[in-house]
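Work through the exercises below with the sequence and the model at hand. Try each task before reading its solution.

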Amino acid sequence: MALISVIRLLHVYFKCQVSAILVFMTQKVALDILKLGHTTFLTGAAGAGKSYALREYITYLRKHGIRFAVTASTGIASTHINGTTIHAWSGIGIRQKLHAYDIDALEEKQNLYKRWNETHVLIIDEVSMLHASFVDMLDKLAKHMRRNEKPFGGMQIVFTGDFYQLPPVVRGDDEYENQEVFAFTSRAWIESKPVVCYITDQYRQDDSKLTGILNAIRAGEIEDEHFEILKGTSTKKHKEDHIKLYTHNENVDEINKKYFNEIKGEVYKYEMITKGKASIVESLKRNCLAEENLELKIGAKVICIKNASDRTYVNGSMGVVSGFTKDRGPIITLSNGKKVNIVADTWRVEEDGKVRAELCQLPLKLAWAITVHKSQGMTLDRAEIDLSRAFASGQGYVALSRLKTLEGLHLKGFNPMSLQVADVVRDNDNMFRKKSEQAENAVKKYGVKELEKLQESFITSTGGTIEEIDEEAEEIQKKTPSHIKTQEMLKEKLSIKEIAEQRHLSIDTIIGHIEKLVENKEKVELKHVLPKKIAKDIILKTFKKLKTHKLTPVFEALNGKYSYHEIRLIRASM
């Protein structure tokens, strides 16, 4: 009987290994594809090296002067790539729908408009947690902001992540509730047809048993032997310094409360301060991690839930409370040994330049235990994991794939459902593998020089430089503000198009500089770049008639006869 079990286990193991090598794309090939400028889906199993490939591409974009933005679907995920959330970057925020008046209001935010038009590559990490409806909103806003009906307004989007990991959150009032919610089911994803780069190198797991179990989960081929191996970890002795992973907040809160109460010493209490419309305040509370009532003691384990403005800590930094200042603010010794003084931070909802709701609280949570959700992206040497109450696909896979080896695992609770994966994910994963294989075969048809020529074409189309930028020289150049350089070139009577070409910037960016100069009440030569007198008079008259400073109403009232560029210039001259 034992021999049969061994044979079955080997059978499963080798099936898993075969499924893992059906498609084998190296990081180098993936980088070659990314450099072509196509919208791309960079994927692979946990620990496959996606983050490394992404960092290499970011370095490449920086060296060639290509404007890019690094974002992620969640706050903690964004800290792993030194980015921000796609919700904050895009301006969409916590909106569930994007109405015409929302788009109009977002367009009026000059910094946001500039951001959308200066960015050529938008990176979105941990795409598994991004809802299909959000991807469609992003596409809709991109097309409007960039005046371009190509998918995502013509930008290169780099989606990265693994759909075997945590899925999007579905709300009760969600219009997509009874539909597929994964990003790859969105209209925008289907329209953009991303090139798939499926990396299958393995850098996190050093344990063939753990790798075999993770591959079996992906293949939907978990068998009794795998369950027995996992259950065997529950009888091992473990140290108390194991971080504890749970699927539910209530378990995490219970553990944190227990350990907190065991610490002797004075309790320091911090109450959240709120202002604004009650309904918006409540919505904001639900969408941020700040505690309404936070209690701390010396010795308490904590996690930071927001980036510090000076980057002394980031969303996801862990540490221990080691003291309090005279004004009772906590001093945290981070896991890297650095001590930081944590002060209250704010979370806001803004509309039309006005703050509609605001929360103020210390950006900290107790952290003897965390949820599986918050562990995504981490690599752990040891962990105590409880999967007994797993309720969503991907939870077991995410939790187990945080570890390097089974030796570091103490499985406290478990149910078979925790290792299930949505059928739609597995079906599409097979398709992604095939598309990745097709992409690799297509790239192999090009010679080295031909491929380099295509990659250089993308660089020049974005206003980048073929030669790598000397970063030291670039720093010296940056000392003169960009809008001041534009001001000097306008004095020389250069046209906006000439300035844009010479500076390798977009026309929208140059007009943005003009708007900033006007806003700062700087002297700026505009006569030679304004539309002809007839056009100028008509546009001015329309602004006055509509009693507005917004662009879209004027553009629509004039039936598109004059471009947004012309209308923006006239508005600046007003």
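**Exercise 1. A helix and its covered side**

Which residues are buried in H3? Find them, then work out how they are arranged around the helix axis.

Solution. The model is a predicted one.
Step 1. Locate the helix: H3 covers residues 50-63, 14 residues in total. From first C-alpha to last, H3 reaches 20 Å, close to the 20 Å expected at 1.5 Å a residue.
Step 2. Apply the cut-off: a residue is buried under 20% relative accessible area. In H3 this gives Lys50, Ala53, Leu54, Tyr57, Ile58, Tyr60 and Leu61.
Step 3. Look down the axis of H3: the buried residues fall within an arc of 160 degrees, so they line one face of the helix.
Step 4. Recall the general rule: an α-helix has 3.6 residues a turn, so residues three or four places apart point the same way.
Step 5. Check what comes after the helix: H3 is followed by Gly65, which has a positive phi, near 70 degrees.

**Exercise 2. A strand and its cysteine**

Which residue of S6 is the bridge partner of Leu42? Determine also whether that residue is buried or exposed.

Solution.
Step 1. Find the strands: S1 spans residues 40-44, and S6 spans residues 195-199.
Step 2. Read their pairing: S1 and S6 run parallel and are joined by 5 bridges.
Step 3. Pick out the partner: Leu42 is bridged to Cys197 in S6.
Step 4. Assess the cover: Cys197 is buried because its relative accessibility is 0%. S6 as a whole is mostly covered, with 4 of its 5 residues buried.
Step 5. Turn to another cysteine and to disulfides: Cys304 is buried too, with a relative accessible area of 1%. The structure holds 0 disulfides.

**Exercise 3. Aromatic rings**

How are the planes of Phe163 and Trp189 arranged, and what is the distance between the ring centres?

Solution.
Step 1. Begin with the total: there are 17 aromatic pairs in the structure.
Step 2. Take the pair in question: Phe163 and Trp189 lie 6.0 Å apart, centre to centre, with 70 degrees between the planes. Planes over 60 degrees apart count as edge-to-face, and this pair is edge-to-face.
Step 3. Place the pair in the chain: Phe163 is in the loop between strand S5 (156-160) and helix H9 (187-192), while Trp189 is in H9. The two are 26 residues apart, and the pair links distant parts of the chain.
Step 4. Add the surroundings: both Phe163 and Trp189 are buried. Ring pairs also link them into a cluster with Phe41, Phe152, Phe159, Phe182, Phe184 and Phe432.

Conventions: Residues are numbered from 1 along each chain as its sequence is written. This is a predicted model: local features need pLDDT of at least 70, side-chain atom pairs count only at pLDDT 80 or more; totals for chains, interfaces and linings use all residues. Side-chain values use heavy atoms; hydrogens and water are left out. Buried means under 20% relative accessible area, exposed over 50%, partly exposed in between (1.4 Å probe, protein chains only). Two strands pair if DSSP finds at least two bridges between them. Rings of Phe, Tyr and Trp (its six-membered ring) pair if their centres lie within 6.5 Å; planes under 30 degrees apart count as stacked, over 60 as edge-to-face and the rest as tilted. The expected span of a helix is 1.5 Å times one less than its number of residues. The arc is that of the directions from the helix axis to the C-beta atoms. A disulfide is a pair of cysteine sulfur atoms within 2.5 Å.
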